[in-house]
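Student: Could you take me through one part of this structure up close, and then show me how it ties in with the rest?

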Amino acid sequence: MEQVRRVGAYGLVWDTEQERVLLVRGSRYADFPGVWLLPGGGVEHAEHPASAVVREVAEETGLTVEVTGLRAVVADVVPYPAQGVALHTDRLLFDLTPVGGALRSEAKGSADLARWLTTAQAAELPLLAFTAEALGLPVVPLPAGALRRREPFAVPDAGRRLRFGAYGLVTDPADRVLLCLIADGYPGAGRWHLPGGGTDHGEQPVTALLRELVEESGQLGRVIDLIGVDNLHNPAALGPEGYPIDWHGIRVVYRVVVDVPTEPAVTELAGGSTARASWFTRAELRELPLTEIAAGLLLTSQ
């Protein structure tokens, strides 16, 4: 099967007074008609996921919301036999607070009904797996024939790239910080970057981060927290391809601890984007050429 990737942003909107959550039902235009899920949808090219979830919730429910946090990041793969596609979706789940608007259903969109439901009521409905997990409910397989998409997937734009990555703010018991030097020929060459990299098809972001940590530095880490998501758009990124690409990178960042640090050593195959890795004290960080995401996390937190 052809491997296809997409990124979606979804919202957990709670009515805390009545202990209800906002869900939407897939319309006849959706891949899973009649199946319920958290409001949200696909992230557009160059769009920040936090902006995407605000836009999607307004379109599907009529409510204006504010993002109050990033709850979780998960991935799933769904086979589409009729299209010969295995679709990997990276899903960012945001905590949202309503600030305006009035609840209504979307007209001629991917959702045809929006409702406040208790978790007990939601448990009686067909739910997409990621929604059931987010609500702490058992994942119940959907009935045969629930997937009804018939149209082919859009052909990717050859001049664009979407890369979903997982990165870590990695420290050891002495509060040293692990950073990786970007190799020549890659965007940001010569600057120190957070360990991590792109996730593979079918791979969860935490699994990808711990794999990248071993490949780039030889360290065994322990993920302890989800920090947030960073959005990078470069309309003319020049990398090893040798020609400019309209590049959109979505990078989730975790806090990671290496309990037994060792001398960093790059173990990934030759030609990788990491030239070397090293531990640094907090005082040493200000003397380093850092990438924007590394500087934003490390220099502002001191």
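Tutor: Sure, let's start with V13, which counts as buried because its relative accessibility is 0%, and the cut-off for buried is under 20%. Keep in mind that this is a predicted model.

V13 has its place in strand β1. What does V13 touch, leaving aside neighbours within four places in sequence? Its contacts are R20, V21, L22, L96, P98 and W116. By contrast, take P49: 36 residues along the chain from V13, with 16 Å between the two C-alpha atoms.

Now look at strand β1 itself, residues 2-15. Which strands does it pair with? Let's go through them in turn. Strand β6, residues 85-101, runs parallel to β1, and 12 bridges join the two. One place to find that pairing is R5, whose bridge partner in β6 is H88. Strand β2, residues 20-26, pairs with β1 in the antiparallel sense over two bridges. Here W14 of the pairing has V21 as its bridge partner in β2, and V21 is also one of the residues in contact with V13. β1 and β2 make a hairpin with four residues between the strands, and in that hairpin E19 takes a positive phi near 55°.

Then there's strand β4, residues 40-42, which is antiparallel to β1 and joined to it by three bridges. G8 has G42 as its bridge partner in β4, so let's stop at G42 for a moment, since that residue lies in β4. Is G42 buried, partly exposed or exposed? With a relative accessible area of 22%, G42 is partly exposed, because that value falls between the 20% and 50% cut-offs. Not counting residues up to four places away in sequence, G42 touches R6, V7, G8, E47, R55 and E56. T89 is 47 residues from G42 in sequence, yet their C-alpha atoms are 9.2 Å apart in space.

Let's move along the chain to strand β9, residues 177-182. How many of its six residues are buried? Six of the six are, so β9 is largely enclosed by the rest of the structure. Here's a handy bit of background: in a regular strand the side chains alternate between the two faces of the sheet. In β9, V177, L179 and L181 point one way, while L178, C180 and I182 point the other way, and all are buried.

What does β9 pair with? Take strand β14, residues 274-280: it pairs with β9 in the antiparallel sense over six bridges, and V177 has F280 as its bridge partner there. Strand β10, residues 192-193, is also antiparallel to β9, with two bridges joining them. The bridge partner of L181 in β10 is W192. Two bridges join β8 to β9 as well, again antiparallel, and V170 stands opposite L178 in β9. β8 and β9 form a hairpin with five residues between them, where D175 in the turn has a positive phi of about 65°.

At the end of β8, which covers residues 160-171, you'll find T171. T171 is buried, with a relative accessible area of 12%. Leaving aside its neighbours within four places in sequence, T171 is in contact with R176, V177, V256, V257, V258, W279 and R282. Notice V177 in that list, which is one of the buried residues of β9.

Now let's zoom out to the whole chain. There are six helices and 14 strands. The radius of gyration is 21 Å, close to the 19 Å that the globule rule gives for 302 residues, so the chain is as compact as a globular protein of that length. Along the principal axes, the C-alpha atoms fill a box of roughly 55 × 45 × 30 Å. Of the 302 residues, 46% count as buried.

How much of the contact between residues links distant places in the sequence? Among contacts with a separation of 6 or more, 72% come from residues 24 or more positions apart. The accessible surface of the chain is about 14,600 Å², with 53% of that belonging to carbon and sulfur atoms. As for charge, the chain has 26 positive and 38 negative side chains, and the centres of those two sets lie 4 Å apart.

Definitions and conventions:
Residues numbered from 1 in each chain as written. Predicted model: local features only at pLDDT ≥ 70, side-chain atom pairs only at ≥ 80, totals over all residues. Heavy atoms only, no water. Rg over C-alpha atoms; globule rule 2.2 N^0.38 Å. Buried < 20%, exposed > 50% of the residue type's maximum accessible area, 1.4 Å probe, protein only. Contact = heavy atoms within 4.5 Å. Areas by Shrake-Rupley, 256 points an atom, 1.4 Å probe, with all protein chains shown as cover. Lys, Arg positive; Asp, Glu negative; His and termini not counted. Charge placed at Lys NZ, Arg CZ, Asp CG, Glu CD. Pairing = 2+ DSSP bridges.
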